[in-house]
Amino acid sequence: MNKIDLDDHTSIIESLQSKYNGLPYPIVTTSKDSSITNLDTLTNLLKNKTCIFVGQSGVGKSTLINALVPNLEIDTQEISELSRQGRHTTSSTTLYDLPLGGELIDSPGVREFSMPKLEAENISKGFIEIEKLRSECKFNNCKHIHEPKCAVLDAVQKKKINMLRYESYLKMMSNIEEENYQ
Ligand SMILES: Nc1nc2c(ncn2[C@@H]2O[C@H](COP(=O)(O)OP(=O)(O)OP(=O)(O)O)[C@@H](O)[C@H]2O)c(=O)[nH]1
Ligand SMILES: [Mg+2]
Ligand SMILES: [Zn+2]
């Protein structure tokens, strides 16, 4: 989560943290202002891996990469005052070597996210907390939507699975279900 120098982000950070609580997706707060955050946590997470920065235009992907990799000077640009949106400064995807090993990829800012065509099974594989419970559902082809004796529904009810995460799952599943009926 970048640009934490701008506003009081405490409530947004807290809600993100509670959504991803217990899952192996760390939230790292960053700022191009090095007096506010040092980038050590991020540097260590990226080390010896191949990672990509994705997100809307103007969130500071290229700025952060400039801070993480010396002597790059990738072009960056202020967001438009009028539209309050980024100016799509980065136009191609480029891979950079990290000083401590590994690579970091800068990508053009997305206008909006859209889903590629996915199979139901692959959607649930993307939610590791859902996937973990799959074998405990009564039916081995359980979609965890309305089936009886579903371990996932049970875990949602008992608040062992975060409701917002489950809602994201349902939303993605409903997209493909609609397509199947067309
Ligand atoms: N206040 C503040 N501004 C930042 C921060 N990080 C980046 N910016 C500014 O945000 C603007 C956009 O940054 P970029 O790095 O060009 O954003 P980007 O995500 O690479 O944008 P695209 O290449 O268009 O996808 C620039 O003016 C940066 O100086 C930050 O932590 N705090
Ligand atoms: Mg960029
Ligand atoms: Zn189930």
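Here are three short exercises on a predicted model of a protein with a ligand.

**Exercise 1: Meet the neighbours**

Find out which residues come nearest to ligand 1, and sort its shell by class.

*Solution.* Start with the residues around the ligand: there are 22 of them, and Lys32, Ser57, Lys61, Thr63 and Thr90 come nearest. Next, sort the shell by class: you get 3 nonpolar, 14 polar and 5 charged residues. Finally, look at where the ligand sits: ligand 1 takes up the space of the largest pocket.

**Exercise 2: Polar contacts**

Which atoms of Ser62, Thr63 and His88 pair up with oxygen atoms of ligand 1, and at what distances?

*Solution.* Remember the cut-off: a polar contact is a pair of N or O atoms within 3.5 Å. Take Thr63 to begin with: an N or O atom in its side chain is 2.5 Å from a ligand oxygen. Ser62 also uses its side chain, with a polar atom 2.9 Å from an oxygen of ligand 1. His88 uses its backbone instead: an N or O atom there lies 3.4 Å from a ligand oxygen. Now check the cover: on its own, ligand 1 has 650 Å² of accessible area, and the protein covers 92% of that.

**Exercise 3: Two cysteines**

Decide whether Cys51 and Cys150 are buried or exposed, then count the disulfides.

*Solution.* Buried means under 20% relative accessible area. Cys51 has 19% relative accessibility, so Cys51 counts as buried. Cys150 has 6%, so Cys150 counts as buried too. For the second part, recall that a disulfide is a covalent bond between the sulfur atoms of two cysteines. The cut-off for the two sulfur atoms is 2.5 Å, and by this rule the count is 0 disulfides.

Note on methods:
Residues are numbered from 1 along each chain as its sequence is written. Chains are lettered from A and ligands numbered from 1 in the order in which they are written. This is a predicted model: local features need pLDDT of at least 70, side-chain atom pairs count only at pLDDT 80 or more; totals for chains, interfaces and linings use all residues. Side-chain values use heavy atoms; hydrogens and water are left out. A residue is near a molecule or strand if one of its heavy atoms lies within 4 Å of it. A polar contact is a pair of N or O atoms within 3.5 Å; within protein, one must be able to donate a hydrogen and the other to accept it, and residues adjacent in sequence count only if both atoms are side-chain atoms. Accessible areas come from the Shrake-Rupley method with a 1.4 Å probe; for residues, only the protein chains shown count as cover. On a 1 Å grid over the protein atoms alone, a cavity is a set of points where a 1.4 Å probe fits but cannot get out, and a pocket is an open set with protein on both sides within 12 Å along at least five of seven lines; lining residues have an atom within 4 Å of a point. A molecule sits in a cavity or pocket if more than half of its atoms lie within 2 Å of its grid points. Ala, Val, Leu, Ile, Met, Phe, Trp, Tyr, Cys and Pro count as nonpolar, Asp, Glu, Lys and Arg as charged, and the others, Gly among them, as polar. Buried means under 20% relative accessible area, exposed over 50%, partly exposed in between (1.4 Å probe, protein chains only).
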